[in-house]
Each structure stands twice: as structure tokens, then as C-alpha cells.
Amino acid sequence: MNTQQVTLAQHSDNLTKLLATAGLPNQQQEYLRYFINSYNEKTKISKQISQNYRPFLADDKNLGEFNLLFKEMYYPIVANRSFGSKIWDVDGNEYVDIMMGLGINLFGHNPSFIKEALIAQLDKGIQIGPQSELVGEVAELVSQLTGMERVCFSNTGTEAVMSAIRIARAVTGRNKIVIFSGSYHGHFDGTLIKVNKAENNCSGLPLAPGVLPNFVSDVLVLDYSNPESLEIIKTHQQELAAVLVVPVQTSRPALQPKEFLHQLRELTQANEIALIFDEMVTGFRIHPGGAQAYFGVKADIATYGKIVGGGMPIGVIAGDSKYMDAIDGGMWNYGDDSYPQTKKTFFAGTFCKHPLAMTAAKAVLKYLQSEGLSLQQKLNARTTQFVSTLNDYFAVEGLPLRMANFGSLFGSASVELSEENSVASVAMSLLKYHLLNQGVHLLGVSGYLSTAHTDEDINYILQAVKNSVEQIRTGGFLPPRAAV
């Protein structure tokens, strides 16, 4: 890493010009100039690294969509080390981390039981090609915790979802699938879809340039939790291979439609449509058995990742034998006349069942099994209390913000702020930057608590929110506190 190659340009004149053309009152311009310079000074090596390597590194890891107003703060915090609930950046700043590896680190950073298992495996080598001696045991542990009959492994959640859809199409012999608006299923072309509002027929459009229309032509995009969506599924029931659902979306944690999921289960079961639960975030978080156990809904196929990998990349596809037999032809035995009889689809990957991923997964699953449901119950209750305290504060301050949580995931339950550079939108963006400046590492205004977070950490976050709101109010981006 070379942070001395480039000296950052003095941007005060440019910043002044930019703020002047943004149409902001003088109070807001002056505050933004002060805050942006302060933020840049505190994280100057992170910024310099972004500038130095941008000619070579094509990277979109950031704090959201590019906003010209915040251009000078548009760079990721570069991490140097981490432990427990904390990370430290290359500038030496300490943060209470609530990004938590985008939901991976349920036990905090670098927990000893995973670290020691990985070191032991490194001593034994990384054998790619031969079967990992752990893979069968890990599959059995996934089955025991989730109730799914059979299991296979991929490298990422995106691969797991892609494979689950392929399995459903192979087994049912149907082409169309249903996904729901607001869901994210990874970056497979077949799920990078947005609803076609112009046609108003539930068809989808490619979400991004490069995604071909043919990839999304067999996908219906329906409104999540809307009873009308069930009627549309009935209309297309003979064409549908699968309904793919994220039980609780990270962008809408307040939406927890138990009754809708039960109705969806009944409808798909009656019409032999595969119900696929995408449990990348909810799996092992809300309950050892994931959202299926929490809502009392058994899917035909479920996909997992994140937590189960313990920090290593992994994807898991698990489900009923009816579907999973499409991977290997189904169950058979030595010493009798049995043989694989189910027609197979294609599934492969050089790094699937990577020994380090299997090692970390075994450590995670054994730990979850030994701790039992109480681990999730305690963490979920702490998160609920944390969110409740935040909402009480927002209410007292008269702020139009409300948070919600699903297990240890928490995020905004307020109205979406889509108008760029509206006062509310700017205030929300500033809240993210102020929390970073206060030593809270986050992505957007959502996050995750882990078992490593202490009461002291939670109180620190709460105080950081209060300090940030006061500063943003000082800058004129929030209305004065109402007189009591």
C-alpha cells in the first residue's frame, strides 16, 4: 500500500463553488464546508488510498449512490484490523461496527472458535479437488438445524440462488418464476430485475445495462405482501416453476408478513410450484432454523450464506429430496441394486466445498447447535430494545424517523427518501457521515448487532446518534427542537 504517491488537491475553492451552486442557504453551506473538511482530515489516508488506486481499481464499494454534493466524502473507510465489535481504520480511528460484514459477523469480528479452527485447517493444507473430509458433517449439521433434507454448497449466495432456480425449473419442467419487488437475490442476471411499470402486467425489465431482456422474460415481479399477488400467481400457476421470496427484506425490516407467507405456502404446495426461501440474511439469525422456523413455514428449497460461513465465502442450497436429487441423481446404496434415478441438472464450481469454508461453517454450526435458541433470543431482544430506545429519542426530538428490526437486523421504517437533495434526503445522508465521524461504522442507516456488542457499545451508538442529530441541526438541516 502506497499512500504517498499522490497529494490530494486542495479542494476548498472547488468545494466552495460546489456548495454555492447547490442552492443551499449560507448557514448550510458554511456548515457543510466545515464538516466535509473535518471529515476529510479525520479519514485522510482512506481518502488518499481511494484517489491513488482509482486509475487501477474498478470499485463501487461506497456509501450509496454518488451525490455530487458529497463528492469529497465519497470514499470507503479502509479497514486495518478488527476484533469483537470494533474495527480500526488506516488512519487509526476506532469504530463500533454495525455493518458487521454486511450481516456475516453474528459473533463479532474474529471470534476465537472460528479463528482457531481456520488456523488448524491451514496447518493441514488447502486441498482443492479431493473431497473435504468435513463436507458431509457440515451438510448434516445444516440439515439438523434447518430441517432441510439434503444440502449442497456453492461459493456465494448469488450462486446458491441461481442454482436453486435452476433446480426448480429442472424438476418442475416449467420456465417462469415469481420474485417480489424490494427483494435482493444477488447479482445473477436472472434476478437483476425491476418491475415494468409502463406495461403494468407484472413483467420485468433488466435492472442494469448488460442484463439481457431474454434473461428476465420468464420472471414476474409482484408486490410483496399484497393479496393481489396471490391471485396473479393463481393465474399463472401452470407456468410457474418457483416463487422466490426473501421473507423479510433488509430494506423493509418492518414488513414481516407471516400470514402472507402461510398463504403463499398453501398456494404453491397446491400447485406443485417450488417455494424458495432466500435466507441469506435471515438464516441462523432470527432462529437456528431461520425464517422458516420463525414463521412456521417450510419451504421446498432454501438458500443460505453470510453467517454460516463465519467470514469465509460460502453459499448453501438446501431442500427436499424431490428437488435436491436433481444435483446428484438421488439416494442409492452400495451392495444392492439401487442407483441414481433422478434426472440431473448442471451444478459445479472449482471452489465449492473449499476446506476453509467448510472448516468455518462447521465451527459456526457446532457453536449455534451448542448455544441453542437462547443465543438468538437474547440478541434479538437486545436489538429490539436498542431500536425502541432510538425510536423514543426520535419521537421526543420530533424527527420523522422510525426504525424497525427483525432479529439482529435493524433499519429504517420511515418513508423512503427518493428525491435527491431534498432537505430530508440530505439530512439522512449527513446522518450517515456524521455517525462515521462519531466512530460508528455502518452502511446506510441500517445495520446488525452481534453477540460481541456490549451495553457500552450500544450506549456509544445511541450517544453518537444524539450528537449527530445536534450537529446536523446546528447546520440548519433539521428544524429546531420544538419547545416543550
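User: Which helix holds His434, and is His434 buried or exposed?

Analyst: His434 lies in helix 15. The model is a predicted one, and in it His434 has a relative accessibility of 0%. Buried means under 20% relative accessible area, so His434 counts as buried.

User: What does the side chain of His434 meet in a polar contact?

Analyst: The partner is the side chain of Tyr31, at 2.6 Å. With neighbours within four places in sequence left aside, the residues in contact with His434 are Tyr31, Phe35, Ser468, Gln471 and Ile472.

User: Helix 15 brings up the interior. How is empty space found there?

Analyst: A probe the size of a water molecule is rolled over the atoms, and this shows where empty space is left. Here a search of the whole structure finds one cavity of 30 Å³ or more. The volume of the largest cavity is about 150 Å³. It has 15 lining residues, and Leu390, Met403, Leu435, Val445 and Val465 are the closest to its centre.

User: Which helices supply at least two residues of the lining of the largest cavity, and how does the lining divide into nonpolar, polar and charged?

Analyst: Helix 14 (373–397), helix 15 (423–437) and helix 16 (455–474) each supply at least two residues. The lining has 15 nonpolar residues, no polar ones and no charged ones.

User: How should I read the second largest pocket, and which residues lie nearest its centre?

Analyst: Start with the volume, which is about 600 Å³. There are 22 lining residues, and those nearest the centre are Val151, Cys152, Ile327, Asp328 and Lys353. By type, the lining has 12 nonpolar, five polar and five charged residues.

User: Which element gives the largest share of the lining of that second largest pocket?

Analyst: Helix 6 does, with five residues. Helix 6 (135–146), strand 4 (150–154) and helix 12 (321–328) each supply at least two residues of this lining.

User: Which residues of helix 12 are buried, and what covers them?

Analyst: The general idea for a helix is that an α-helix has 3.6 residues a turn, so residues three or four places apart point the same way. In helix 12, the buried residues are Tyr323, Met324, Asp325 and Ala326. Their cover includes strand 4, helix 7, strand 10, strand 11 and strand 12 (315–319). Just after helix 12, Gly329 takes a positive phi of about 90°.

User: Helix 7 is in that cover. Where does Thr158 lie, and what does its side chain reach?

Analyst: Thr158 lies in helix 7, residues 157–172. Thr158 is buried, with a relative accessible area of 13%. A polar atom of the Thr158 side chain lies 3.1 Å from the backbone nitrogen of His187. Outside its neighbours within four places in sequence, Thr158 is in contact with His185, Gly186, His187 and Phe188.

User: Strand 10 also appears in the cover of helix 12. Which residues of strand 10 point one way, and which the other?

Analyst: In a regular strand the side chains alternate between the two faces of the sheet. From strand 10, Ala274, Ile276 and Asp278 point one way, while Leu275 and Phe277 point the other way. Five of the five residues of strand 10 (residues 274–278) are buried, so the strand is largely enclosed by the rest of the structure.

User: How does strand 10 pair with strand 9 and with strand 11?

Analyst: Strands of a sheet pair through backbone hydrogen bonds, either parallel or antiparallel. Strand 9 (residues 240–245) runs parallel to strand 10, and four bridges join them. In this pairing, Val243 stands opposite Leu275. Strand 10 and strand 11 also run parallel, joined by three bridges. Here Phe277 has Ala302 as its bridge partner. Strand 11 (residues 301–304) is covered on both faces: Ile301 and Thr303 are buried on one side, Ala302 and Tyr304 on the other.

User: Where is the pairing antiparallel?

Analyst: The open sheet of three strands in the order 13-14-16 has antiparallel pairing. Strand 13 (403–406) and strand 16 (447–448) stand at the edges, each with a single partner strand, so one side of each has no neighbour in the sheet. Four bridges join strand 13 to strand 14 (residues 409–412), with Ala404 opposite Gly411.

Conventions. Residues are numbered from 1 along each chain as its sequence is written. This is a predicted model: local features need pLDDT of at least 70, side-chain atom pairs count only at pLDDT 80 or more; totals for chains, interfaces and linings use all residues. Side-chain values use heavy atoms; hydrogens and water are left out. On a 1 Å grid over the protein atoms alone, a cavity is a set of points where a 1.4 Å probe fits but cannot get out, and a pocket is an open set with protein on both sides within 12 Å along at least five of seven lines; lining residues have an atom within 4 Å of a point. Grid points are joined across faces, edges and corners, and a volume is the space filled by probe spheres set on the points. Ala, Val, Leu, Ile, Met, Phe, Trp, Tyr, Cys and Pro count as nonpolar, Asp, Glu, Lys and Arg as charged, and the others, Gly among them, as polar. Buried means under 20% relative accessible area, exposed over 50%, partly exposed in between (1.4 Å probe, protein chains only). A polar contact is a pair of N or O atoms within 3.5 Å; within protein, one must be able to donate a hydrogen and the other to accept it, and residues adjacent in sequence count only if both atoms are side-chain atoms. Contact means heavy atoms within 4.5 Å. Two strands pair if DSSP finds at least two bridges between them.
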